[in-house]
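Colleague: Could you take a close look at the salt bridges in this one for me? I'd like to hear which residues pair up and how they sit.

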Amino acid sequence: MAPLYDIAVVGYGPTGLVAASLLGRLGHRVVVCERWPALYGLPRLTHIDDETARTVQAAGDVDEALRDSSMCQYLWVNGKGETLVNIPANPDGSMGYPDHISMYQPDVESAIDRRLRGYGTVDVRQGWAVTGLDQDDDGVTLRLCSWNAETSCADGPRDEVRARYVIAADGSRSGVRELLGVEREDFGFNESWVNIDTEWLRPQPPEFAYGTQYCDPARGHMTINIGTTRQRFEFAVLPGETREEMTAPETGWRLLREYHDLGPDDVRITRQLVYGFEARIATRWRTGRVFLAGDAAHTMPPYLGQGACSGIRDATNLAWKLHLVLGGLAPDALLDTYESERRPHVTALTHMAIGLGKVANTHDVEAAAARDAAFFAGKVPPPPPLPPLADGVLRADGDAPVGTLTPQGRVRLADGRPGRLDDLTGYGFALVVADDPTAALAPDRLAKLTRLGCTVVVLDTARDLDGRHREYLQRLGAVAYLARPDFVLFGAAADSTDLGALVDDLDGALSGTAKAVV
C-alpha cells in the first residue's frame, strides 16, 4: 500500500517550496513530487515585495535567501526616455523589508529547500512526474512515473503515494489541472518577449541599479537589476520574428548593443529564451481534496511584479488552513475559504497587470503619443495599492480594516536578543496586545488561543523596539489586534471587554458558526 502523507505537494517552484516548508514547520508529513531532478538553478522571477519577503522569513533563512538582493525603484519611460511613472523604493516597508526587492531566485529557493529538509517530515521526491490521481472520501492516490530529463518524458519506474490532501503547484501547464479537467478563463492578453539574463563582468553601472520599463512603440523593452551582480533584459517579440531567431545568441548581442550599448566585455549571457505572457485563471481551484495554487491556478503578465508573489500568498493561505483541518481544529469547509479569499484578490491584480501591460505594449505611434500626453497632463492615476481580502476568515463587525496586512517591527526576543516579530511568534496566529490580557481573557479563552497555536505578544514584555506595533494599535484605536498566520488582520479589540469577544469571534469564524465578512 502507498505510504500515507498528510499533504502531497506537486511542483517544487516557489509556491510548492513555500507550501512544503510551512506545512513541514507545522509538523505535518509532506511529500513533494517534482519531475525535474534538481532545483532549476536560474532566475525566472526577479522581484518580490515585502509581504513575500516576510513569507520567505517563515519558510527559510531569509538573510541567506536575500544575500544578493537590493531594493528596487521602477521607472516607466516612453520611447524618448521621458518618465511616465516613477515608483520609488521604500527601504522600510511595513513588513520589515523594502517594499520592492530585486533578488536572485536560486538563493531564495535554496534557502527554503535547505530549511524544509531539516524538519524530518518532508519527503522530497525529485525526478518523479504525476501521471494520474484517484480520490476517495479519505484521501488522494497519486500515480507517479520516473521522469527522463533527457527526453522530457515519463518513461521510467512507477510508484504511488497517498495523501489526505494535495496542493498542485505544478505551473501554468499543470498536469494535475489537466487530470482534474479544470478549464481556465482567458482574459485575452497574449504577448511574447525574449528574456536575456546576464552577469556583470564589471561593476554594475548606476543607471542599471533599478528597473526601467521602456514603453517604446517601436519595440517595448525593459531592464531590471537582479541584486547587484546580475541584470535582466527583456525585449518584445515583434510580428514576423520567430522564437528561433529571438533565441539565437547573435540576436541577443544585437539587442543589447542596439538598446544599451553593451557587449561581451560588459556582461556574460547566462540564459536567453522567449516567454509568453498571458492572463488566465482556473475556473475552480478546489476539486475534492485537490487544490490548485500558483501558476496552476492563475497566470498574469509580469508588469506588476506580482505573479510569484500571488502564488506564494496561495501557499501561506492554504498551509495554515490545512493545518487546522488536519489537526481537527476546524471543519473541512474552512478550506473553501481558500478560493473565496484568494480568487478576488488575484483577479484584481491580474486586471492591474493587464492595464500596465497594455501601456508597455502600445505599438501604435499615435496611440503611444496620446498615452504619453495623458501621463504628462496628470490624467493617469498612480498604480493603486494592492487590494485587501474582502471575504472569508475575517471579523465581521467593528471598524478595523480587516483583510489588510499587519506590520512586522523589531522586538526583543525571549533570550534578550533583538529580532523581527515573526521570530517571536513563529508561523501562526498572533495576538498583539498593549498590556497583559490575562484578566480580560480568563483561562478558557487563553486555552482556545493555545489550541490554535496563537502566540500572545505583550508589547511591554516583548519590548516593541521601534514602536511599530504600538503605532499600529494607535492607528486602529485598539488595545489589541489579532493577526492570522498569513499576516492578515482578522480583527482588533477596542477595549478589554472587546478582547474576549475578539477571541470568540475567531473561534466562530474557524468553526463556521460566525458570520463572515462579505
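Modeller: Let's start with a cut-off: a residue counts as buried under 20% relative accessible area, as exposed over 50%, and as partly exposed in between. Lysine 448 has a relative accessibility of 18%, so it goes down as buried. Keep in mind that this is a predicted model.

Lysine 448 has a partner, aspartate 507, and their side chains meet in a salt bridge with N to O at 3.8 Å. Aspartate 507 sits in helix 15 (residues 496-511) and lysine 448 in helix 12 (residues 438-451), so the bridge ties together parts that are 59 residues apart in sequence. Aspartate 507 comes out at 34% relative accessible area, which makes it partly exposed.

You get another mixed pair with aspartate 266 and arginine 202, whose closest N and O atoms are 2.8 Å apart in their salt bridge. Both come from loops: aspartate 266 from the one between helix 7 (249-260) and strand 16 (267-282), arginine 202 from the one between strand 12 (184-200) and strand 13 (211-215), so parts 64 residues apart in sequence get tied together. Here the acid is the buried partner, with aspartate 266 at 14% relative accessible area, while arginine 202 is partly exposed at 36%.

Then there's arginine 230 with aspartate 68, a salt bridge at 2.7 Å, N to O, between the side chains. This one links distant parts of the chain, 162 residues apart: arginine 230 belongs to strand 15 (residues 230-236), and aspartate 68 to the loop between helix 3 (62-65) and strand 4 (70-71). Both arginine 230 and aspartate 68 are buried. The pair isn't on its own either, as Asp68 and Arg230 join Glu199 and Arg268 in a network of salt bridges. For the whole model, the count comes to 39 salt bridges.

For the nonpolar side of the picture, look at the largest core, with 117 residues, where Leu142, Leu322 and Leu431 touch the most other members. Helix 8 (residues 307-326) supplies the largest share of that core, 10 residues. Beyond its neighbours within four places in sequence, leucine 322 is in contact with Ile7, Leu23, Tyr165, Ile167, Phe291 and Leu335. Apart from this core lies another one of 21 residues, including Leu413, Val432, Leu459 and Tyr481.

Technical notes: Residues numbered from 1 in each chain as written. Predicted model: local features only at pLDDT ≥ 70, side-chain atom pairs only at ≥ 80, totals over all residues. Heavy atoms only, no water. Core = buried A, V, L, I, M, F, W, Y, C linked by side-chain atoms within 4.5 Å. Buried < 20%, exposed > 50% of the residue type's maximum accessible area, 1.4 Å probe, protein only. Helix = DSSP H or I, 4+ residues; strand = E, 2+ residues; numbered from the N terminus. Contact = heavy atoms within 4.5 Å. Salt bridge = Lys/Arg side-chain N within 4 Å of Asp/Glu carboxyl O.
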